[in-house]
Each structure stands twice: as structure tokens, then as C-alpha cells.
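Here is a friendly walk through a protein model, written for someone who likes to think in atoms and distances. Have the viewer open while you read.

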Amino acid sequence: MSISYHGHSVIKIKTNTHTILIDPFITGNGQTDLKASEESVDVILLTHGHNDHVGDTVDLAKRNDAVVIATFELANYIESQGVKVHAMGIGGAFDFDFGKVKYTQAFHSSSFTTNEGKTIYAGMPAGILLTVGGITIYHAGDTSLFGDMKLIGERNNIDVAFLPIGDNFTMGPEDAAYAVQLLNPRIVVPIHYNTFPAIKQDPNEFKDLVKTADVQVLNAGDFVQLSHK
Ligand code: NI
Ligand code: MN
């Protein structure tokens, strides 16, 4: 199994049988190494409806006959575009053939803006716990720091946490470093920074603040090193 980072909040997980993408914002993402027209994918997981997360979801799903997993209202919208979906709600888990998915709280907002400039309500924003191949991944989505991250940390053995550090729209480096204390993951990968001027950050400053986890600062296309101590 491999887990790789592709700029902004885009994560790819490859198992022997499935390719999973989280928040596949590729077109217009100046930080990514991926090309939407060349990606093959079986499962797309979405944290929320913002366009820098939904990204190329509809085109990718149609071309690959992939299933899109999202919270209820966002799943309804994606389904209306002619895509197979599986709707979930915060606090709910489901065992899929590729692994287990659980949606968690995130403090943010969630809407989708169409090409015509129409804003569509997309329900609650979320984080995602994905357990696959014996590894538990936590993708925080876009969120502030919140106290119940402690609960998520207590209830799950998180191997890899993807945490936003960009500030402005989400946690910044200091809050994200505090989130690491609450979540207690083995490995942390900073995400959601340097894509836009408002979220410019030095990820190494975040790395310096974290004392209790293996912080892996990744460039687009880099793999998470799961075997680090
Ligand atoms: Ni957002
Ligand atoms: Mn975002």
C-alpha cells in the first residue's frame, strides 16, 4: 500500500485493488503534480463542498466509473451530475470493500459554486478517518482547532494525520501543532498551504513546533514514509 501527497489537500492511497483519491482538486491547483485527464481512480472521498476540494471529482468519477463518498447534501449534488455516490453523515462509519470510512466533525463551512456562479448548499464540512491495509489515516479537511480532536485521538490509533496549516481559512501552524497533541498520530503531514497567497506558510516552522510525532513535509508526488519510527 502507498499513500502520497499531491498538493493542497489532495491525497492518493493505492492498495493492491483500489486507487482512492481524497479531495481531488487538480485543475487550477498550482501545487499539484497530477493531470486530471491521466488519473485512474476507483473511489473519491470528499471532506466538503468547496471547489478547492471537490475539484475534478465529477469528471474523474464519470471517466473512471468511480464512486464518490461524501456527506449527504454534497453526495446528492454530485449524484445529480450523473455520478455514483455513497452518502454518509458525521459520526457514521461504513465498511467498504476497500476499507472502513468514518466521517468526523470539522469546523468550517461547506458549499459548492457552479461554473455559472450559483452557490449550492453542501451540508456540513467533515474530516475523514480511513482505515485501509491496517493503517488508519485521518484527513482533517478544512477545520479550525477544536477540543474534540482529543476524542478522535482517544478513540482511534491514527497512523497518519493530514492537517491543514495554511491559516486564514483553517488552522495555522500553531493551532495545527496543538491539534497534534490532541490527536496523537504517529505521522503528521501538513496540507492546505502555499496554494493561494492567503495561505502562504513555511511548513518547517510547523515541523519545529511538533515534538510528539514524525512530521513529514512532502512535495507534490512524495510518498508518506510509513516505516519511519
Ligand atoms: Ni474549504
Ligand atoms: Mn480549502
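The report below takes up the metal site, the charged pairs, a helix, a set of strands and the nonpolar cores.

Please keep in mind that this is a predicted model.

**The metal site**

A good place to begin is the manganese ion (ligand 2), whose protein donors are D52 (OD), H53 (NE2), D142 (OD) and H192 (NE2), at 2.1 to 2.3 Å from the ion. Along the chain these donors follow the spacing D-H-x88-D-x49-H. The site links distant parts of the chain: H53 belongs to helix α1 (residues 51-54), while H192 lies in the loop between β14 (187-191) and α6 (203-209), with 139 residues separating the two. Both histidines are buried: H53 has a relative accessible area of 0%, and H192 has one of 1%.

The manganese ion (ligand 2) has a metal partner as well. The nickel ion (ligand 1) lies 3.2 Å from it, and D142 bridges the two ions.

**Charged pairs**

How many salt bridges does the model hold? The count comes to 4. As general background, side chains of opposite charge can pair when their charged atoms come close. Here are three examples, with the closest N to O distance for each.

| Acidic residue | Basic residue | N to O distance |
|---|---|---|
| E39 | K12 | 2.8 Å |
| E154 | K150 | 2.7 Å |
| D159 | R186 | 3.3 Å |

In the pair E39 and K12, E39 sits in the loop between β3 (19-22) and β4 (43-45) and K12 in strand β2 (residues 11-14), so this salt bridge ties together parts that are 27 residues apart in sequence. E39 and K12 are both buried.

The pair E154 and K150 is a local one within helix α4 (residues 149-155): the two are separated by about one helical turn because they are 4 residues apart. E154 is exposed, with a relative accessible area of 55%, whereas K150 is partly exposed at 44%.

What about the salt bridge between D159 and R186? D159 is in the loop between α4 and β13 (160-164), and R186 is in the loop between α5 (173-183) and β14, so the pair ties together parts that are 27 residues apart in sequence. Here D159 is buried, with a relative accessible area of 15%, and R186 is partly exposed, with 32%.

**Helix α3 and its buried side**

Helix α3 spans residues 72-80, and its buried residues include L74, A75, Y77 and I78. Because these four cover an arc of only 160 degrees around the axis, they fall on the same side of α3. The elements that the buried residues of α3 pack against are α1, α2 (57-64), β5 (67-71), β6 (84-88), β9 (111-113) and β10 (119-121). Just after the helix comes G82, which takes a positive phi of about 90 degrees.

**Strands β2, β3 and β4**

Strand β3 is covered on both faces: T19 and L21 are buried on one side, and I20 and I22 are buried on the other. On the β2 side, the pairing is antiparallel, with 4 bridges, and a hairpin of 4 residues joins β2 to β3. On the β4 side, β3 runs parallel to its partner and the two are joined by 3 bridges.

I20 in β3 makes a handy landmark here. It stands opposite I13, and opposite V43 in β4 too. I13 itself is found in strand β2 and counts as buried, at 0% relative accessibility. Setting aside neighbours within four places in sequence, I13 is in contact with M1, S2, I3, H18, T19, I20, I22, L130, V132 and I137. For a sense of scale, I13 and A66 are 53 residues apart in sequence and 14 Å apart in space, C-alpha to C-alpha.

**The nonpolar cores**

In soluble globular proteins, nonpolar side chains tend to be buried together. In this model the largest nonpolar core has 50 residues, and L45, L130, Y138 and L163 are those that touch the most other members. Helix α5 gives the most to this core, with 6 residues. A second, separate core has 24 residues, among them I44, L74, V83 and F112. L74 is also one of the buried residues of α3 mentioned earlier.

Notes. Residues numbered from 1 in each chain as written. Chains lettered and ligands numbered in written order. Predicted model: local features only at pLDDT ≥ 70, side-chain atom pairs only at ≥ 80, totals over all residues. Heavy atoms only, no water. Donors = N, O, S within 2.8 Å, 3.2 Å for Na, K, Ca; no water. Buried < 20%, exposed > 50% of the residue type's maximum accessible area, 1.4 Å probe, protein only. Salt bridge = Lys/Arg side-chain N within 4 Å of Asp/Glu carboxyl O. Arc of directions from axis to C-beta. Contact = heavy atoms within 4.5 Å. Pairing = 2+ DSSP bridges. Core = buried A, V, L, I, M, F, W, Y, C linked by side-chain atoms within 4.5 Å.
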